[in-house]
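Hi,

Here is the structure I said I would pass on. Have a look at it first, and then read my notes underneath.

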Amino acid sequence: MELINRNNFKHVTVTLIFEASALNRDEKIGGNILSLKKLKQGDKTVSYLGKPAMRHYLFETLVKGYNWKACPVTLTERGEVVQFDILKEDILTCPELDAFGYMYTINNQSSITRKAPVGITKAIGLNSYEGDMAFYANHDLVKRAIKQGFDANPDPYNKEEHISLYKVSFTVDVDTLGKDEWIVDAQPEFNNGLIKITLSSERVKEIENAKPLDNKENKYEVTNGIITWEEVKVGNKKKYKITFELNEKEKKERIKQILEAIKDGLYAQSSGETNTIVPLFMIAGYVKVPSPVFHPYIFVEPVCSNQTYKVLGVIDALRNSWIINKVYIMDCKRMQIEGKEEFIKNVKDEKRISIIKDWDEFINEL
């Protein structure tokens with residue numbers, strides 16, 4: 001069986017700029033006015049997409065592009081909170097749990113929490129919001145109703161609108177992706193190909209088709225990876241640490257699919273409108289520490305009537321010592337790196353890192 005060699009993978013960070021329109025709505029204001037999420041940045045007001053919205057668009061893209069499975073949900077024991085059902089799925093069988101993390105409450109006293117290996121920043125608008133508002137009404141349906149003899153009137157509403165450039169970063173922590181650890185009170189059981197993990201008297205997880213591995217105690221091959229457990233001390237109490245570890249092939253495939261989706265653009269719909277999260281500019285690099293090191297440096301400046309832009313800050317971003325060798329950069333006719341030719345020459349002369357324009361070459365370094 002092909003197991004994980006964790007040193008084979010590198011953390012990845014990606015920063016991109018895209019253009020979109022009113023992608024993340026906020027609470028209604030004034031009864032029938034759909035607002036945007038907004039915040040102050042310096043002396044201007046900008047719209048933004050929250051991390052949950054970006055997570056949603058990335059996951060929906062992975063579902064459509066690579067058939068990722070949506071994890072089933074359940075309720076907490078009190079029935080108050082919806083949570084992912086880790087009795088039915090785990091990180092080995094469900095990429096969503098692996099990539100985006102979860103918190104599962106067992107009872108009022110304990111829970112199992114997984115930090116998201118795929119880190120996502122807010123997507124902050126780079127153009128100021130100037131108070132654009134649009135008026136809408138359901139005229140078409142009203143006309144049809146009147147033709148059919150109903151006494152119908154339009155139901156007007158207003159929407160805040162904003163077309164803007166946005167900057168967002170994604171970071172993949174390869175130490176966390178593909179590995180999960182649970183601490184439980186009861187020792188897991190293995191019998192005739194079936195692993196039983198007891199979380200509480202009413203919550204027992206069963207994993208079928210398990211095979212003892214390498215003649216080692218408490219180590220089993222299961223779908224997409226291995227499960228092991230060992231006794232540990234938590235304070236003065238005896239507990240059991242269960243480790244789920246994804247096989248190398250599946251882990252690499254998941255990372256590649258995440259990066260391919262980000263590069264090629266996300267599937268995004270908001271308020272019934274199709275929208276775009278397709279990079280106009282993108283910089284991606286391998287890093288020693290899974291931090292979005294490019295993010296604070298990258299900015300744009302309009303060149304011609306806000307139709308074309310130059311990208312600022314790339315040279316500054318590349319001075320970070322967490323960056324490992326190769327960096328992929330993509331710009332376009334509408335959004336080009338400031339002083340591009342000189343920039344490429346300087347980077348080449350320094351010989352610390354190399355700039356790659358071929359995405360396949362970059363992704364194969366994973």
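Below is what turned up when I went through it, starting with the whole chain and then moving to single spots.

Keep in mind that this is a predicted model. The protein chain has 7 helices and 30 strands, and its C-alpha trace spans about 75 × 70 × 40 Å along the principal axes. Of the 366 residues in the chain, 47% are buried. If you take the contacts with a separation of 6 or more, 68% of them are between residues 24 or more positions apart.

Now the sheets. One is an open sheet of 3 strands in the order β16-β17-β18, and the pairing is antiparallel. Its edge strands are β16 (189-191) and β18 (203-207), each with pairing on one side only. Neighbouring strands in this sheet are turned by 25° against each other on average, ignoring direction. β16 and β17 (residues 194-200) run antiparallel and are joined by 3 bridges; if you want a pair to click on, E189 has K196 in β17 as its bridge partner.

Another open sheet has 4 strands, ordered β2-β3-β13-β12, and here the pairing is mixed. β2 (25-29) and β12 (133-136) are the edges, each pairing on one side only. The twist from one strand to the next averages 25°. A parallel piece of this is β3 (residues 33-36) with β13 (residues 157-160), which pair over 2 bridges. L34 sits opposite K159 of β13.

There is also a hairpin to look at. Strands β26 (residues 299-304) and β27 (residues 308-312) run antiparallel and are joined by 5 bridges, with V300 opposite V311 in β27. The hairpin has 3 residues between its strands, and S305 takes a positive phi near 50° there.

Back to the 3-stranded sheet for one residue: where does R203 sit? It is in strand β18. Despite being an arginine, R203 counts as buried, because its relative accessible area is 10% and the cut-off for buried is under 20%. Its side chain reaches the backbone oxygen of L75 at 3.1 Å. Leaving out neighbours within four places in sequence, R203 has contacts that include T74, L75, T76 and E77, along with Q83, L87, Y104 and T105. I197 and T198 are on that contact list too.

D173 is another charged residue to check. It belongs to the loop between β14 (163-172) and β15 (179-184), and at 13% relative accessibility D173 counts as buried. A polar atom of the D173 side chain lies 2.9 Å from the backbone nitrogen of D175. Beyond the neighbours within four places in sequence, D173 is in contact with H11, P117 and P290. For a distance check, the C-alpha atoms of D173 and S271 are separated by 33 Å, and the two are 98 residues apart along the chain.

On to the helix α4 (residues 248-264). How does its span compare with what 17 residues should give? At 1.5 Å a residue the expected span is 24 Å, and the end C-alpha atoms are 24 Å apart, so the two agree. At the start of α4, a side-chain oxygen of N247 comes to within 3.2 Å of the backbone nitrogen of K249. Just after the helix, G265 has a positive phi of about 115°. Buried residues in α4 include I255, I258, L259 and I262, but also E248, K251, R254, E260 and K263.

Last, the cysteines. How many disulfides does a search of the whole structure find? The count is 0. C71 and C94 are a pair to look at here: the sulfur of C71 has its closest cysteine sulfur in C94, at 4.4 Å, which is too far for a bond. The cut-off for a disulfide is 2.5 Å between the sulfur atoms, so the 4.4 Å from C94 to C71 does not qualify. Both residues are buried, C71 with a relative accessible area of 7% and C94 with 0%.

Cheers

Technical notes:
Residues numbered from 1 in each chain as written. Predicted model: local features only at pLDDT ≥ 70, side-chain atom pairs only at ≥ 80, totals over all residues. Heavy atoms only, no water. Pairing = 2+ DSSP bridges. Axes fitted to C-alpha atoms, helices over the stretch in contact; angles between N-to-C directions. Buried < 20%, exposed > 50% of the residue type's maximum accessible area, 1.4 Å probe, protein only. Expected span 1.5 Å × (residues − 1). Polar contact = N/O pair within 3.5 Å; in protein donor to acceptor, adjacent residues only side chain to side chain. Contact = heavy atoms within 4.5 Å.
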